[in-house]
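Biologist: Before we settle on any labels, could you show me the model and then explain how each label is earned?

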Amino acid sequence: MRGLLCVDKPVGVTSHDVVSSVRRAARTKRVGHAGTLDPFASGLLVLAVGACTRLLPYLASEPKVYDALIRFGQETDTDDHTGTVVRQASTPVALGWPVPLDAAMASLTGDLQQVPPAFSAKHVDGQRAYALARRGVDVVLQPVPVTVHHWELLETRDDAVRVRITCRGGTYIRALARDLGRALMSAAHCESLRRLSSGAATVDGSVPLNALEPGSIADGRVTVHAPLRFLEPMAHVPLDAPSLDALGHGRSIAATHVGARAAMLRDGDVVGIADRVIDQSGARWQPRVVLLSGDA
């Protein structure tokens with residue numbers, strides 16, 4: 001049992017809760033995720049089952065697309081609606097709505113230095129920032145580089161906007177909401193958040209969490225995806241029997257395809273990942289991940 005699973009996480013559930021449900025559904029502890037979602041957020045969570053957990057570093061997870069409702073008037077310590085209000089300001093409607101939203105969003109587009117939320121998984125002196133913040137410690141995080149590709153304005157209200165944001169991983173949408181409020185001389189937090197896609201994976205057609213009954217993956221009621229279309233761009237190398245034997249034993253294989261990295265295939269299924277190396281005998285594929293046993 002191995003493959004990838006796209007789950008539509010509901011609001012109020014942690015990513016670890018989803019992992020636990022997939023473990024029960026697949027009857028295996030070998031389950032990993034390709035990026036968490038905050039409990040207050042919903043949407044796409046990509047998980048790997050069985051040996052495919054070893055492919056997680058090679059998944060195409062960029063860009064990420066989110067829908068967010070950003071509410072003005074209050075800034076919170078978590079930068080979302082679950083936190084305590086730490087600052088209040090006039091809403092943009094009181095400042096003469098509509099305000100220059102395009103300019104504010106443009107100022108938060110491109111390569112940015114973003115201060116992560118105090119309630120985040122960033123490390124501070126060996127501890128998680130959120131753990132310190134929950135104990136009342138004044139957490140000061142340093143800016144980190146992030147990339148925001150695009151904002152799309154979906155809806156405007158008197159005290160809120162609904163936007164679609166395309167960005168790189170590591171970007172905190174909560175922090176963008178906070179910074180948008182400041183850019184508009186107001187205060188803001190993220191009222192709701194939904195992840196729509198991550199690389200080639202989309203929330204459309206994802207499995208609802210309540211469909212993951214115990215054993216439902218193991219007995220085939222819920223199917224997992226073959227990983228090939230979710231991998232980052234790389235060469236595809238079909239293997240013959242001698243090459244499969246070499247891969248199963250971790251030996252290199254002559255490289256006749258172009259590329260720096262390759263997915264090694266058996267009947268169209270990924271059985272390994274290899275990097276191109278040059279040795280005395282020429283270009284070869286050196287296995288980095290092997291999903292075959294030696295007797296395969």
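Modeller: The turns below take up a sheet and then the cavities of this predicted model.

Biologist: What makes β17 and β18 paired strands, and how do they run?

Modeller: Pairing requires at least two bridges between the strands, and 6 bridges join β17 (residues 261-266) to β18 (residues 269-279), which run antiparallel, so the two count as a pair. Within them, A263 stands opposite I273 in β18.

Biologist: Why are β15 and β16 called edge strands?

Modeller: The open sheet has 5 strands in the order β15-β17-β18-β19-β16, with mixed pairing. β15 (235-238) and β16 (253-254) each have a single partner strand, so one side of each is left without a neighbour in the sheet.

Biologist: What makes the space lined by A34, V46 and F230, among others, a cavity?

Modeller: A cavity is a set of points where a 1.4 Å probe fits but cannot get out, and the structure holds 2 of them at 30 Å³ or more. The largest has a volume of about 70 Å³, and its lining also includes L59, K64 and A201.

Biologist: How do you know which character the lining of the largest cavity has?

Modeller: Its residues divide into 7 nonpolar, 2 polar and 1 charged; Lys counts as charged, so K64 in that lining belongs to the charged class.

Biologist: What lines the second largest cavity?

Modeller: About 30 Å³ of space lies there, lined by A34, G35, L44, V46, K64, R195 and S198, and β3 (42-49) and β12 (188-198) each supply at least two of these residues. The division is 3 nonpolar, 2 polar and 2 charged, and G35 falls among the polar ones because Gly is counted there.

Note on methods
Residues are numbered from 1 along each chain as its sequence is written. This is a predicted model: local features need pLDDT of at least 70, side-chain atom pairs count only at pLDDT 80 or more; totals for chains, interfaces and linings use all residues. Side-chain values use heavy atoms; hydrogens and water are left out. Helices (H or I, at least four residues) and strands (E, at least two) are DSSP runs, numbered from the N terminus. On a 1 Å grid over the protein atoms alone, a cavity is a set of points where a 1.4 Å probe fits but cannot get out, and a pocket is an open set with protein on both sides within 12 Å along at least five of seven lines; lining residues have an atom within 4 Å of a point. Grid points are joined across faces, edges and corners, and a volume is the space filled by probe spheres set on the points.
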